[in-house]
Amino acid sequence: MQTEQRDSFGSRFGVIAAAAGSAIGLGNIWRFPYVLGENGGGIFLLIYLILVAMVGIPVMLSEFTIGRSTQRNPYGAFRRLAPHRPWYLVGLMGIAAAFMILAFYAVVAGWTLEYLYQALLNGFRGKSSAEITTMFDTFRGGTFRPILWFLIFMFMTAWIVMSGIRKGIEKYTKILMPFLFILIIVLDIRAITLPGAAEGLKFLFRPDFSKITAETILEALGQGFFSLSIGMGTLITYGSYINKKEKLGNAALNVTLADTLIAVLAGIAIFPAVFAFGIEPGEGTGLVFKTLPLIFQEMPGGYIFSIIFFLLLAIAALTSTISVLEVIVAFFSEELNISRKAATLLASLAVGILGIFAAGSWGWFGGIHVMNQNFFGILDFTTANILLPVGGFFIVIFVGWFMGPGRVKAELSNDGSIRAAYLPVFMFLVRFVAPLAIALVFMNGLGLL
Ligand code: PHE
């Protein structure tokens with residue numbers, strides 16, 4: 001147990017910025033477009049939006065509630081709320097998921113650093129669509145560079161986490177997130193004025209109901225969890241740093257809206273270009289890296305914009321990686337009773353090793369395939385589509401049925417000092433709607449139903 005004053009966020013905007021900083025990241029700009037492209041376009045977007053409203057918001061608010069009421073890491077939080085019962089396993093599963101997510105996520109974050117470097121060198125200039133594709137595949141298939149950039153990124157993440165909540169996480173996210181937003185709007189404007197943009201917008205916004213499959217729905221659920229940073233205790237951990245005066249309901253709603261908006265804006269930037277340049281929308285994990293450089297070439301000031309964009313993308317990734325690392329660090333430091341510094345070093349070292357394998361998934365470690373997926377793909381699929389939904393399921397069940405309505409109410413109404421008029425709706429969602437939706441989508445998607 002800690003004796004010193006627990007670190008916390010210093011302001012309301014700081015809370016939203018940090019939680020939105022966690023939610024908004026590569027999940028929105030890299031993962032959302034590629035998963036949408038592989039899963040039928042508009043229909044995926046529609047299912048995604050429905051699931052975010054029905055499942056995403058309830059899970060997020062449940063996490064904030066658990067976190068703030070216990071002031072603990074995910075494992076410790078369940079221990080405290082349900083002593084001597086196995087709920088802490090949900091916390092442990094979240095911590096395992098954090099290791100796995102960070103290991104592949106920081107690899108992609110490393111790619112953004114390579115692309116920032118290329119942007120600075122003007123390395124996309126005059127390249128055809130085919131050349132841009134080769135450039136990406138060659139880079140990613142290499143051994144040294146993907147690993148190096150990954151390690152650099154892990155180092156930066158560890159450095160910020162070591163500096164603590166207010167002086168590290170909050171300080172950076174507050175300044176950087178608004179910038180990213182403006183830049184995406186600029187890219188959107190360029191993208192929708194490209195010749196042939198309409199095709200892309202149609203792909204994104206016009207649902208083709210014949211393309212619904214059980215797997216599409218599971219992918220949408222997994223993407224929702226991933227993008228909102230829910231299901232593994234990231235927001236339990238951040239919730240534990242939220243001041244008792246903040247309105248948790250507002251925070252959950254604002255973060256979800258911001259995250260969803262950025263994902264849609266990223267889609268608007270990418271798909272017109274995908275169609276304008278004849279790229280395959282189901283191209284997979286490389287989609288954004290093969291599309292954006294082409295947009296930059298087509299716009300005045302593209303050189304400068306490409307630098308700013310990859311810089312911001314790297315930063316958006318950083319505000320997410322710190323939130324994932326923070327989960328492990330909070331767990332280590334609180335449960336093993338070690339310093340924040342030691343906890344950060346230990347966690348980063350472990351993730352560093354796992355990530356070297358993930359970074360090599362198209363290169364030296366590319367021979368390993370399970371069910372058609374390389375190591376990176378396995379980490380990505382299992383965390384987003386399995387661990388996070390399972391975690392989210394138990395989190396809402398816990399808040400709905402086991403935490404006790406009095407305790408939930410006290411937390412959401414700040415001990416009765418504000419009216420949380422939405423409470424009955426929230427309880428209905430966490431008790432029935434969200435768990436049922438998760439269970440159905442999950443079992444259906446894995447072919448168990
Ligand atoms: N939500 C982050 C993103 O969209 C990724 C993330 C997942 C962060 C899970 C924390 C936990 O980029």
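Here are legends for four views of this predicted model and its ligand.

**View 1. The protein chain as a whole.** Let's start with the overall fold: the protein chain has 18 helices and 0 strands. Its radius of gyration is 21 Å, close to the 22 Å from the globule rule for 449 residues, so the chain is as compact as a globular protein of that length. Along the principal axes, the C-alpha atoms fill a box of roughly 60 × 50 × 40 Å.

**View 2. The ligand in its cavity.** Moving inside, we find the ligand in the largest cavity. At least two residues of the surrounding shell come from each of these helices: α1 (12-23), α2 (26-38), α5 (88-120), α10 (214-228) and α14 (302-335).

**View 3. The shell around the ligand.** There are 16 residues around the ligand, and A23, G27, Y105, F226 and S229 come nearest. Sorted by class, the shell holds 7 nonpolar and 9 polar residues, with no charged residues.

**View 4. Polar contacts and cover.** Here you can follow the ligand's N and O atoms to their partners. A polar backbone atom of A23 is 2.8 Å from an oxygen atom of the ligand. The side chain of N28 has an N or O atom 3.4 Å from a ligand oxygen atom. For a nitrogen atom of the ligand, the partner is a backbone N or O atom of S227, at 3.0 Å. On its own the ligand has 320 Å² of accessible area, and the protein covers 100% of that area.

Terms used: Residues are numbered from 1 along each chain as its sequence is written. This is a predicted model: local features need pLDDT of at least 70, side-chain atom pairs count only at pLDDT 80 or more; totals for chains, interfaces and linings use all residues. Side-chain values use heavy atoms; hydrogens and water are left out. A residue is near a molecule or strand if one of its heavy atoms lies within 4 Å of it. A polar contact is a pair of N or O atoms within 3.5 Å; within protein, one must be able to donate a hydrogen and the other to accept it, and residues adjacent in sequence count only if both atoms are side-chain atoms. Accessible areas come from the Shrake-Rupley method with a 1.4 Å probe; for residues, only the protein chains shown count as cover. On a 1 Å grid over the protein atoms alone, a cavity is a set of points where a 1.4 Å probe fits but cannot get out, and a pocket is an open set with protein on both sides within 12 Å along at least five of seven lines; lining residues have an atom within 4 Å of a point. A molecule sits in a cavity or pocket if more than half of its atoms lie within 2 Å of its grid points. Helices (H or I, at least four residues) and strands (E, at least two) are DSSP runs, numbered from the N terminus. Ala, Val, Leu, Ile, Met, Phe, Trp, Tyr, Cys and Pro count as nonpolar, Asp, Glu, Lys and Arg as charged, and the others, Gly among them, as polar. The radius of gyration is taken over C-alpha atoms; the globule rule is 2.2 Å times the number of residues to the power 0.38.
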